[in-house]
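Before reading on, please take a moment to look over the model below. The paragraphs that follow lead from one part of it to another.

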Amino acid sequence: MRGSVPRMDAHLLHSPLHERHVALGAKLGEFGGWAMPLEYAGGGVLAEHAVVRDAVGIFDVSHLGKASVRGPGAAAFVNATLTNDLNRIHPGKAQYTLCCDDATGGVVDDLIVYFRADDDLFLVPNAANTAEVVRRLSAAAPDGIDVKNLHRDFAIVAVQGPKSAELLGAAGLSAQLEYMSFADADWRGIPLTLCRSGYTGELGYELVVQSVDAEQVWDRLFEAGEAFGVRACGLGARDTLRTEMGYPLHGQDLSLGITPNQGRVGWAVGWKKPEFWGKTVLLAERERGAARVLRGLESLDRGIPRPHMTVLDAE
């Protein structure tokens, strides 16, 4: 079975691993302007979801954005714009944070910051929002701080599941990292950054590699993973896994029309920081109480909740 590519594929960006997905019979779809695998032949969403919960799966998440903020005072600048408090972490750690609109408090994007040094940060926004996050940071950056969009320069491969550390060890990569910590490595001649992170709720790691090395990294991981029952996993399983864990998805649970208070991600806001985009309006909303809040719904039988369904109370 060949991978099915949507008709609009000619206008979409391709992952550096596109040919690997087609060879594996991936069903491809549009996501954030990219043609990405939704599921693979011989598996499907349920099998891919289960392998991540029980063993280990490998995802291509190269559609995720990549950007750098460098220069004297880069960390202080980012800390004065994004919501979470970089003073809570130190170099070698990564942090979940939000880019909010200063006027409305709505979430422009949720992203990860890799804190390399006070003058060197690496950002991983969502695919569709990367250009806007870079634009906002660039417009606000003082002289001497350089913000670059590196979206096409790097690929990201996620290894997720209870056997992920074993797989990496078998492949010759040390996975001895604390949660949300990262380390640079030279993996048999391939430079990469390994971070203990992910969006599945399982033990997991993400490998940030140069796009030109992505296929070699992918192949090495699958070779080492055969003994652990590894599967290639698509964005369908990524969505069911993050939903099961209650992790938000931008564009659905967070957006320009949904604030951190409403989306119940206030834990990613450094409320005591002197400043960040949206602080004034978000503090006011927090004090009076959000007019609406995100809630999880659990189906008690075989009914399947669908987007845009009406939710009724007991009356």
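Which residue's side chain does that of Asp184 meet in a salt bridge? The partner is Arg116, and the N to O distance between the two is 2.8 Å. This is a predicted model, and the values given here are computed from it. The pair links distant parts of the chain, since Asp184 belongs to strand β11 (residues 182-187) and Arg116 to strand β7 (residues 107-117), with their positions 68 residues apart in sequence. Arg116 has a relative accessibility of 26%, and because buried means under 20% and exposed over 50%, Arg116 counts as partly exposed.

Strand β7 leads into an open sheet of five strands, in which the order is β6-β7-β8-β5-β9 and the pairing is antiparallel. At the edges of this sheet lie β6 (93-100) and β9 (146-149), each of which pairs on one side only. From one strand to the next, the twist averages 25 degrees. Between β6 and β7 the antiparallel pairing runs over eight bridges, and Ala94 has Tyr114 in β7 as its bridge partner. Helix α4 (residues 130-140) packs on the sheet, where it touches β5 (67-70), β6, β7, β8 (120-124) and β9, and its direction makes about 165 degrees with that of β9.

Tyr114 also appears among the contacts of Ser197, a residue that touches Tyr114, Gln160, Tyr179, Met180, Gly204, Tyr205 and Glu206 when residues up to four places away in sequence are not counted. Ser197 is placed in the loop between β12 (190-195) and β13 (204-210). Is this loop residue buried or exposed? With a relative accessibility of 8%, Ser197 counts as buried.

The salt bridges offer another way through the model, and by the rule applied here their count comes to 13. Among the residues involved, Asp101, Glu132, Arg135 and Arg136 are linked in a network of salt bridges. Elsewhere, the side chain of Arg20 meets that of Glu215 in a salt bridge, at 3.6 Å from N to O. This pair, too, links distant parts of the chain, with Glu215 in helix α6 (residues 214-225) and Arg20 in helix α1 (residues 18-23), 195 residues apart. Arg20 counts as partly exposed at 24% relative accessibility, and Glu215 likewise counts as partly exposed, at 27%.

Arg20 forms a salt bridge with Asp219 as well, and here the closest N and O atoms are 2.8 Å apart. Because Asp219 lies in helix α6 and Arg20 in helix α1, this pair ties together parts that are 199 residues apart in sequence. Asp219 has a relative accessible area of 34% and is therefore partly exposed.

Helix α6, which holds both of these acidic partners of Arg20, has 12 residues and reaches 16 Å from its first C-alpha to its last, close to the 16 Å expected at 1.5 Å a residue. Which residues of α6 are buried? They are Ala214, Val217, Trp218, Arg220, Leu221, Phe222, Ala224 and Gly225. An α-helix has 3.6 residues a turn, so residues three or four places apart point the same way. With that in mind, the reader may compare the buried residues of α6, among them Val217 and Leu221, with the partly exposed Glu215 and Asp219 in the model.

Key: Residues are numbered from 1 along each chain as its sequence is written. This is a predicted model: local features need pLDDT of at least 70, side-chain atom pairs count only at pLDDT 80 or more; totals for chains, interfaces and linings use all residues. Side-chain values use heavy atoms; hydrogens and water are left out. A salt bridge is a side-chain nitrogen of Lys or Arg within 4 Å of a carboxyl oxygen of Asp or Glu. Helices (H or I, at least four residues) and strands (E, at least two) are DSSP runs, numbered from the N terminus. Buried means under 20% relative accessible area, exposed over 50%, partly exposed in between (1.4 Å probe, protein chains only). Contact means heavy atoms within 4.5 Å. Two strands pair if DSSP finds at least two bridges between them. Axes are lines fitted to C-alpha atoms, for helices over the stretch in contact, and angles run from 0 to 180 degrees between N-to-C directions. The expected span of a helix is 1.5 Å times one less than its number of residues.
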